[in-house]
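Work through the exercises below with the sequence and the model open. Each task is followed by its solution.

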Amino acid sequence: MAEVGRRCTATHERYARARGFEHEVVTEYLKSSHPSHQKIRLLADRLPHHEAILWLDADSVVTNPDAFTPDPLCQSAVMDISLDWCAPVDANLTSPYVSCGNFVVRNTASAELFFRQWRKSSEPYAARPHGCWEQDGLQAAMRNHPWFDLQVRRFPREVLNTVHKTCVNGNFPQGPPKPWTPESFLLHLTNVDRISILNHLGL
């Protein structure tokens, strides 16, 4: 995974540099919970010092930088996020089936309360040996707290969670309903042969 992270985050750095964004790669985590769960703490600590933060997972490759630019000025929602690649095909943009692989959070007046609730809702999942940790907590908060749900602005799955055509699971054994194309902002390398795909992309 270290090689995958190095090759993927190089594309993040190029994207950030082209737009004048600060760029950080997190490499150290506490032992108290799964690293994915610690996104909540890491972002809550950093967000007060920024207008907005775009989080990109270490196995996501930016393939078309011009396809997406974060909106730091929107004050009506703390988070911009896509539906999960494996959300039900008929899921609409009010669905809680979102993916925490890649998303934007903004430093709005509601951000501190938002992160406090996200952290609380994620506690039951923090120490699991497998699962989606922070994502399950986010979805639980969205389902159980209408005010929280209103702070999550959803986008189609192909905006921030496009996956390779070879990505499959039990619900989509033939592949994703909206697979990656070269026009996609990013390619999230989940459930696939990451190294082979990176080699094919020349990254």
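**Exercise 1.** Which residues form one aromatic cluster?

Solution. In this predicted model, the cluster consists of Phe103, Phe114, Phe115, Trp118, Trp147 and Phe148.

**Exercise 2.** Classify the ring pair of Trp85 and Phe172, and locate both residues.

Solution.
- Step 1: the structure contains ten aromatic pairs.
- Step 2: in the pair of Trp85 and Phe172, the ring centres are 6.0 Å apart and the planes stand at 50°, so the pair is tilted. Planes under 30 degrees apart would count as stacked, and those over 60 as edge-to-face.
- Step 3: Trp85 lies in the loop between strand 3 (79-83) and strand 4 (98-106), while Phe172 lies in the loop between helix 6 (157-160) and strand 6 (186-188). With the two positions 87 residues apart, the pair links distant parts of the chain.
- Step 4: both Trp85 and Phe172 are buried.

**Exercise 3.** Do the same for Phe115 and Trp118.

Solution.
- Step 1: the ring centres of Phe115 and Trp118 are 5.6 Å apart with planes at 40°, so this pair is tilted.
- Step 2: Phe115 and Trp118 are three residues apart in helix 3 (residues 111-122), so about one helical turn separates them.
- Step 3: Phe115 is buried, as is Trp118.

**Exercise 4.** Is Ile81 buried or exposed, and what does Ile81 touch?

Solution.
- Step 1: Ile81 sits in strand 3.
- Step 2: its relative accessibility is 0%, so Ile81 counts as buried; the cut-off is under 20%.
- Step 3: leaving out residues up to four places away in sequence, the contacts of Ile81 include Val98, Cys100, Phe103, Leu138, Val152, Phe155 and Leu160.
- Step 4: Arg7 is 74 residues from Ile81 in sequence, and their C-alpha atoms are 24 Å apart.

Methods: Residues are numbered from 1 along each chain as its sequence is written. This is a predicted model: local features need pLDDT of at least 70, side-chain atom pairs count only at pLDDT 80 or more; totals for chains, interfaces and linings use all residues. Side-chain values use heavy atoms; hydrogens and water are left out. Rings of Phe, Tyr and Trp (its six-membered ring) pair if their centres lie within 6.5 Å; planes under 30 degrees apart count as stacked, over 60 as edge-to-face and the rest as tilted. Helices (H or I, at least four residues) and strands (E, at least two) are DSSP runs, numbered from the N terminus. Buried means under 20% relative accessible area, exposed over 50%, partly exposed in between (1.4 Å probe, protein chains only). Contact means heavy atoms within 4.5 Å.
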